[in-house]
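Subject: Structure handover

Hello,

Please find the structure below, followed by notes on what was found in it. Keep it open while you read.

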Number of protein chains: 2
Amino acid sequence: MTATIKDVAARAGVSPSTVSRVISNHPRISEKTKREVRAAMEELGYHPNMLARSLAKKSSDAIGVLIPSTTEEFFMNPFFPEVLRGITDVAKREGYDLLLSTSDSGKEDVRSLTRMIHGKRVDGVLLLSSRMQDPLMQVLQENPFPATLIGRPEINLPISWVNNNNVEACYQATRHLIGLGHKRIGFLGGDETFVVTRDRLQGYHQALDEAGIPQDRRLMFASSFVEQGGYLGMTRLLALPDRPSAVVASDDLLAFGAMRAAGELGYRIPEDIAVVGFNNVRLTEMSNPSLTSVDVQIYELGVTAANLLIEQMRGGVLMDKHVIVPTQMVIRNSCGGRK
Amino acid sequence: MTATIKDVAARAGVSPSTVSRVISNHPRISEKTKREVRAAMEELGYHPNMLARSLAKKSSDAIGVLIPSTTEEFFMNPFFPEVLRGITDVAKREGYDLLLSTSDSGKEDVRSLTRMIHGKRVDGVLLLSSRMQDPLMQVLQENPFPATLIGRPEINLPISWVNNNNVEACYQATRHLIGLGHKRIGFLGGDETFVVTRDRLQGYHQALDEAGIPQDRRLMFASSFVEQGGYLGMTRLLALPDRPSAVVASDDLLAFGAMRAAGELGYRIPEDIAVVGFNNVRLTEMSNPSLTSVDVQIYELGVTAANLLIEQMRGGVLMDKHVIVPTQMVIRNSCGGRK
DNA sequence: ATGAAAGCGCTAACAG
DNA sequence: CTGTTAGCGCTTTCAT
């Protein structure tokens with residue numbers, strides 16, 4: 001049987017509460033007993049039972065991370081490990097463990113979130129994306145619980161979040177292409193139900209409007225955030241009688257797929273068609289040609305979200321702070337023009 | 001205050017134990033009370049406290065995943081999300097949550113593992129890599145606890161693991177190059193303390209020996225599993241007066257770095273120097289030239305490891321099963337020769 | 001089929 | 001500075 005706090009207490013000739021105090025480094029406890037208790041713990045190979053501790057303390061020192069139900073898609077995108085790296089670094093520094101939810105498809109992630117919220121196994125929750133009319137936001141609205149979103153809620157919600165200014169960023173990206181002389185510019189978006197897709201699309205629209213370029217529905221293609229989607233989208237765009245001369249892709253993976261499609265059909269990039277992506281994942285430097293991309297500072301998003309969440313959990317009060325992480329367009333070789 | 005099992009009991013006019021039975025779907029409980037209890041739960045918005053449940057049941061329905069302390073390096077490699085995807089899929093299917101350890105550098109991950117083992121927050125642990133004289137293996141040896149390793153322990157240990165036959169796989173890869181007529185073949189390895197690096201190096205040696213090609217220490221370069229390491233290694237290899245005409249890299253990222261270095265120095269791949277990598281990450285298809293790589297079935301490794309672990313946790317008995325996931329070399333354009 | 005009672009291992013007032 | 005006493009919310013014998 002593994003040793004409990006009582007065993008240690010008995011061994012050290014003190015009461016359980018004293019042992020408890022030693023564990024949590026209570027200030028007013030004599031050095032002597034501290035040493036004795038520690039010795040007893042050592043001898044008995046004692047390790048605290050975190051469950052019992054959490055149950056009594058009503059806090060678990062763990063952060064829940066809600067993995068969107070579309071596991072495959074999500075894990076496939078370099079965004080995920082990078083944002084998780086940011087989260088992990090903060091969690092580690094602040095002494096929190098990470099609990100990954102493992103929701104099944106669709107409706108399941110509502111249940112997953114509710115379980116996280118009510119199950120008491122985590123002190124707060126991190127959401128990694130948001131959709132239009134996201135039922136998760138509903139849940140958060142109805143259940144006061146420390147939570148932070150990476151992205152932004154579609155509607156105004158009393159929840160803290162970290163986001164990029166996606167409208168502005170995509171506006172800039174599109175302007176860049178316009179500045180290069182392009183008039184017919186395509187848009188490859190990820191899943192339309194994601195808020196981020198909508199925002200970027202809006203930025204694209206803004207830039208076109210401002211330049212007096214008419215909108216053309218045929219130039220906009222949405223799929224999921226994977227390479228395949230970009231491939232498909234680009235193929236469709238190139239099949240148009242009046243094909244675009246440039247494309248802004250709302251994710252680097254989409255851009256890569258687009259570039260592959262173009263390449264296979266014999267178009268050169270950037271001479272025949274310019275491409276700009278989003279996220280600035282490592283791959284952008286290595287692709288051929290290297291991909292001009294909007295750096296959204298994924299790692300930073302993760303770090304900021306984790307910090308915001310922890311601040312809430314510690315403060316014991318829910319906040320609706322929001323932080324905008326600046327973006328920056330990194331010019332490479334997929335657009336031609338200035339280098 | 002959130003509703004507890006007692007509240008539900010009171011509301012439904014039954015005892016707490018009955019409610020508990022309803023929750024765990026106990027067989028002999030009348031449909032009628034079941035319905036009534038469920039109704040009461042609904043009305044009160046009751047959700048079980050997982051901590052209390054775990055404490056009483058002495059099991060948490062969670063799997064611990066030990067992230068190696070070198071966070072950055074690890075997250076950067078596409079291996080990680082892919083193996084995690086496999087793990088997640090199984091965990092989700094079997095109803096387990098995932099607890100990511102967040103150990104700090106060096107010695108910390110021993111502590112992290114011990115905490116996982118004794119903290120009772122997880123029912124089993126998944127290790128994602130193993131080193132030579134790995135202190136973690138020590139810990140596992142001394143503390144009987146369900147654990148599964150992806151990789152293999154350096155020495156024989158009563159622990160279950162999933163691995164590739166890395167010696168054989170690298171032997172094959174090297175033979176492939178030899179078969180293509182290469183006589184001077186370099187080896188770019190990851191961190192030498194990893195067992196997997198050693199195994200692949202051994203396969204490389206075997207192939208050379210068998211072909212009567214003398215070993216040359218200068219042809220072997222080890223660094224970490226990142227692109228930068230491959231870049232550095234290749235640069236060094238190419239600086240040799242008698243440079244190799246081919247290189248086997250023990251990780252695709254290393255191979256990409258190597259290709260970049262070669263390219264920048266004006267060497268063509270595969271004409272001037274052939275390259276083969278390991279892992280067959282998605283990127284291999286997209287690089288230029290596409291990279292010949294050994295498919296180790298990362299996802300499968302994750303799935304198998306999770307299954308093995310769950311089997312142990314459920315069986316209540318520690319095992320030392322081990323499974324070898326087959327590898328397959330995927331020929332692309334980085335080696336020339338047959339296509 | 002259901003209830004009563006005794007914990008699971010720890011923390012947190014409240015005393016002293 | 002330390003001990004006593006109640007729980008935290010749930011499961012699980014043991015009765016009935």
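How many residues surround DNA strand C, and which are the closest? There are 26 of them, and the closest are Ile5(A), Tyr46(A), Thr18(B), Arg21(B) and Arg28(B). A residue is near a strand here if one of its heavy atoms lies within 4 Å of it. Of the atoms of DNA strand C that come within 4 Å of the protein, 75% belong to sugar and phosphate.

Before going further, some ground rules. This is a predicted model, in which local features need pLDDT of at least 70, side-chain atom pairs count only at pLDDT 80 or more, and totals for chains, interfaces and linings use all residues. Residues are numbered from 1 along each chain as its sequence is written, chains are lettered from A and ligands numbered from 1 in the order in which they are written, and side-chain values use heavy atoms, with hydrogens and water left out.

The DNA contacts

By class, the surface near DNA strand C has 10 nonpolar residues (Ala, Val, Leu, Ile, Met, Phe, Trp, Tyr, Cys and Pro), six charged ones (Asp, Glu, Lys and Arg) and 10 polar ones (the others, Gly among them). Helices H2 (16-23) and H4 (50-57) of chain A, and H2 (16-23) and H4 (50-57) of chain B, each supply at least two residues of this surface. Helices are DSSP runs of H or I, at least four residues long, and strands are runs of E, at least two long, both numbered from the N terminus. H4(A) gives the most, with four residues.

Two contacts reach base nitrogens of DNA strand C: an N or O atom in the side chain of Arg21(A) is 3.1 Å from one, and a polar backbone atom of Ala52(A) is 3.4 Å from one. A polar backbone atom of Ser30(B) is 2.9 Å from a phosphate oxygen of DNA strand C.

The two chains

A rotation of 180° with 0.0 Å of shift along its axis superposes chain B on chain A, with RMSD 0.1 Å (least squares on the C-alpha atoms of residues with pLDDT of at least 70 in both). That is the relation of a two-fold axis. Of the residues of chain B, Leu99(B) comes closest to this axis, its C-alpha lying at 2.2 Å.

The cysteines

The structure holds zero disulfides (pairs of cysteine sulfur atoms within 2.5 Å) over all chains. Cys170(B) is in no disulfide because the nearest cysteine sulfur, that of Cys335(B), is 12 Å away, too far for a bond.

Regards

Note on methods
Polar contact = N/O pair within 3.5 Å; in protein donor to acceptor, adjacent residues only side chain to side chain.
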